[in-house]
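Colleague: I am new to this one and would love a friendly tour. Could you show it to me first, and then we can talk it through?

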Amino acid sequence: MLRGLYNWTMEKAAHRHAVGWLAFFSFVESSFFPIPPHPLLGLMCLAEPKKAVRYAAVATAASVAGALLGYAIGYFLYDAVGAQLIAALGLTESFPTARCTLNEYGAQAVILAAATPVPFKLLTITAGFTAMPLATFLIASIVGRAMIFMTVGILFRVFGAPIKLFIDKYLISVTTAFVVLVIGGFIALSSLAGESDEPSDDPCVTAARAGSS
């Protein structure tokens, strides 16, 4: 079923309303849709590199708007809708870890999920459930989504079609490594600032163990 859904999504790259479809998929993927918009964005940028930055901006804006929907679901409708969505996506066991990670690292966790293969929808719903400050969530979502989408758009705009091979092979790895380094620096500084004589277990590791037991 997922393969059929993926193929159907990719077909929209050649549609006359491709930009609208890109916005739609970027929006719904942030809260409940299982197929990420990245491949569709790549195909559209490949077809028209001169419009790549515009396409990336559309994907970024729509994805952040969708993130706000995910936040609203978690904040207002978690019991009625959010928990069922997370279960349907097979992410129920990951929820305790996501909740703990958001409580521990806040904006850094949102940026990491927004800019890497971590399921962004899990973090948007969880952020609403934990009542993360909306301004912090919004800024982190913009930073993370722009980091991945605008990178694709700029690379296609500057280098054109030849950059596709590099993007397909290395973009996620490079972006993930960069984000991990940045957030790792924040965490290291926080750990040094709050260092105590008594070592303690990572509460998110404990949450992950509890969720899997």
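Modeller: Helices here are DSSP runs of H or I with at least four residues, numbered from the N terminus. Keep in mind that this is a predicted model.

Colleague: Good to know! Which residue takes a positive phi just after H6?

Modeller: Helix H6 covers residues 95-105. Just after H6, a positive phi of about 55° is found at Gly106.

Colleague: And Phe95, is it buried or exposed?

Modeller: The cut-off for buried is under 20% relative accessible area. Phe95 has 11% relative accessibility, so it counts as buried.

Colleague: How are the rings of Tyr78 and Phe95 arranged?

Modeller: Tyr78 lies in helix H5 and Phe95 in helix H6, 17 residues apart. Their ring centres are 5.2 Å apart, with 25° between the planes. Planes under 30 degrees apart count as stacked, so the Tyr78 and Phe95 pair is stacked.

Colleague: What kind of pair do Phe95 and Phe129 make?

Modeller: Phe95 is in helix H6 and Phe129 in helix H8, so this pair ties together parts 34 residues apart in sequence. The ring centres are 5.3 Å from each other and the planes stand at 70°. Over 60 degrees is the cut-off that matters here, so the pair of Phe95 and Phe129 is edge-to-face.

Colleague: Which ring does the charged end of Lys12 sit over?

Modeller: Look at the cluster that ring pairs build from Trp8, Trp21, Phe24, Phe25 and Phe33. The charged end of Lys12 is 4.6 Å from a ring centre, and that ring belongs to Trp21.

Colleague: Now for charges. Which residues are linked with Glu29 in a network of salt bridges?

Modeller: Side chains of opposite charge can pair when their charged atoms come close. Glu29 in helix H2 and a lysine in helix H8 are 92 residues apart, and their closest N and O atoms are 3.5 Å apart. Glu29 also meets an arginine of helix H9, at 3.2 Å from N to O. The partners in the network are Lys121 and Arg145.

Colleague: What is the relative accessibility of Arg145?

Modeller: Glu29, its salt-bridge partner, counts as buried at 5%. Arg145 counts as buried too, because its relative accessibility is 1%.

Colleague: One last stop: where is Ser31 found?

Modeller: Ser31 has 0% relative accessibility, so it counts as buried. Beyond its neighbours within four places in sequence, its contacts include Gly66, Leu85 and Lys121. As for its place in the chain, Ser31 is in the loop between helix H2 and helix H3.

Notes: Residues numbered from 1 in each chain as written. Predicted model: local features only at pLDDT ≥ 70, side-chain atom pairs only at ≥ 80, totals over all residues. Heavy atoms only, no water. Phe/Tyr/Trp six-rings, centres within 6.5 Å; stacked < 30°, edge-to-face > 60°. Helix = DSSP H or I, 4+ residues; strand = E, 2+ residues; numbered from the N terminus. Buried < 20%, exposed > 50% of the residue type's maximum accessible area, 1.4 Å probe, protein only. Lys NZ or Arg CZ within 6 Å of the ring centre and 35° of its normal. Contact = heavy atoms within 4.5 Å. Salt bridge = Lys/Arg side-chain N within 4 Å of Asp/Glu carboxyl O.
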